[in-house]
Amino acid sequence: MTSATPPRPARPTALVTGATAGLGAGFARSLARRGHDLVIVARDAERLDSTAAALRAEHGVGVEVLAADLSVRADLDRVAQRVGSVEAPVDVLVNNAGFGLKQRFFDGDPADHERMFDVLCRAVMVLSRAAAGAMVPRGRGRVLNVGSVAGLVPGGGHYSAAKAYVIVLTETLAGELRGTGVTATVVEPGYVRTEFHARSGMRSGGSSSLSNRIWLDIDEVVDAALDDTFAGRVVSVPTRRWKAVSTLLDVAPRRLVSTVWNAMPSGARRRHPTQR
Ligand SMILES: NC(=O)c1ccc[n+]([C@@H]2O[C@H](COP(=O)([O-])OP(=O)(O)OC[C@H]3O[C@@H](n4cnc5c(N)ncnc54)[C@H](OP(=O)(O)O)[C@@H]3O)[C@@H](O)[C@H]2O)c1
């Protein structure tokens, strides 16, 4: 009896936005280790190329590079087209790209706030829709959106409002996708040591034991978020200590959280990653 060698199943593909630094680079590495080819998105084309070369060399995966500024509509459309491709399906979408602003909502250049809205909210909405539209007919797929514990805090500036949008949008999508084989997950990290704070002109955590307990490493966030994503969980809060914080913020009356937040001295408030 002859037995034909079964065709080698194609590796699944994951598209990660903001994959050249911080959490996005961590998601790309971990997805490569989990057997995914990658499409990586960010603005800096040189850094994308060097990130892709390192991923290929270290993990032997295929890596496609897509230079795009997600605040620019035409660039976002190119990324959405790639996410929705029928010929080269994207099996996992990670909407991760983001940044903070070191200013109050009514301060600063309005263009910066629009850019924040476009990257943190519009891009997540457009790409999540493109992914769901392509994945549902295939009956499988995962969408992971990067929110933040800041999205649970009324008073954390425009950033908190944007992350609250990401949380509710993902929960809504997850409900609509039930029974389709496609899942949506939102990860709500606490403070993570990345380039985020330096890029926004904020201070990041020191090396005291308190700060070591509060600040998270990239891998502990990424691994927990991907485990929850592949398990089909809707909300992922990495680490027990930040789960406790998020549970407290979830159950406390919003008015109380807001009052306590606004009563804090501005220095303490500014220690929050969104407002420093
Ligand atoms: N770090 C934290 O404490 C923390 C906590 C909770 C949630 N988060 C969230 O985690 C996500 C990742 O943040 P991170 O801490 O890893 O930040 P990061 O280290 O500063 O990395 C940001 C990544 O996003 C890309 N990016 C920024 N603006 C972009 C744009 N307009 N278009 C395309 N790509 C863009 C950057 O590449 P280019 O500059 O080349 O575009 C980079 O690859 C964000 O959504 C952030 O809000 C962070």
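Author: A quick definition before we start: angles here run from 0 to 180 degrees between N-to-C directions, with axes being lines fitted to C-alpha atoms. And keep in mind that this is a predicted model.

Reader: Okay, so which strand does helix 5 run at about 160° to?

Author: Helix 5 covers residues 157-177. This helix lies across strand 5 (141-146), strand 6 (182-187) and strand 7. The angle of about 160° is the one it makes with strand 6.

Reader: In what order do the 7 strands of the open sheet come?

Author: The pairing in this sheet is parallel. Strand 3 (63-67) and strand 7 (235-236) stand at the edges with a single partner strand each, so one side of each has no neighbour in the sheet. With those two at the ends, the order reads 3-2-1-4-5-6-7.

Reader: Which residue in strand 3 does A42 stand opposite?

Author: Strand 2 takes in residues 37-42 and runs parallel to strand 3, with 5 bridges joining the two. Helix 2 (residues 45-59) lies across both of these strands. As for A42, its opposite number in strand 3 is A67.

Reader: On to the ligand! How much of its accessible area does the protein cover?

Author: Oxygen atoms of the ligand sit 2.5 Å from an N or O atom in the side chain of T194 and 2.8 Å from a polar backbone atom of V192. On its own, the ligand has 890 Å² of accessible area, and the protein's cover comes to 98%.

Reader: And which helix gives the largest share of the shell around the ligand?

Author: Helix 1 (22-33), helix 5 and helix 6 (196-199) each supply at least two residues of that shell. The largest share, 3 residues, comes from helix 6.

Terms used: Residues are numbered from 1 along each chain as its sequence is written. This is a predicted model: local features need pLDDT of at least 70, side-chain atom pairs count only at pLDDT 80 or more; totals for chains, interfaces and linings use all residues. Side-chain values use heavy atoms; hydrogens and water are left out. Two strands pair if DSSP finds at least two bridges between them. Helices (H or I, at least four residues) and strands (E, at least two) are DSSP runs, numbered from the N terminus. Contact means heavy atoms within 4.5 Å. A polar contact is a pair of N or O atoms within 3.5 Å; within protein, one must be able to donate a hydrogen and the other to accept it, and residues adjacent in sequence count only if both atoms are side-chain atoms. Accessible areas come from the Shrake-Rupley method with a 1.4 Å probe; for residues, only the protein chains shown count as cover.
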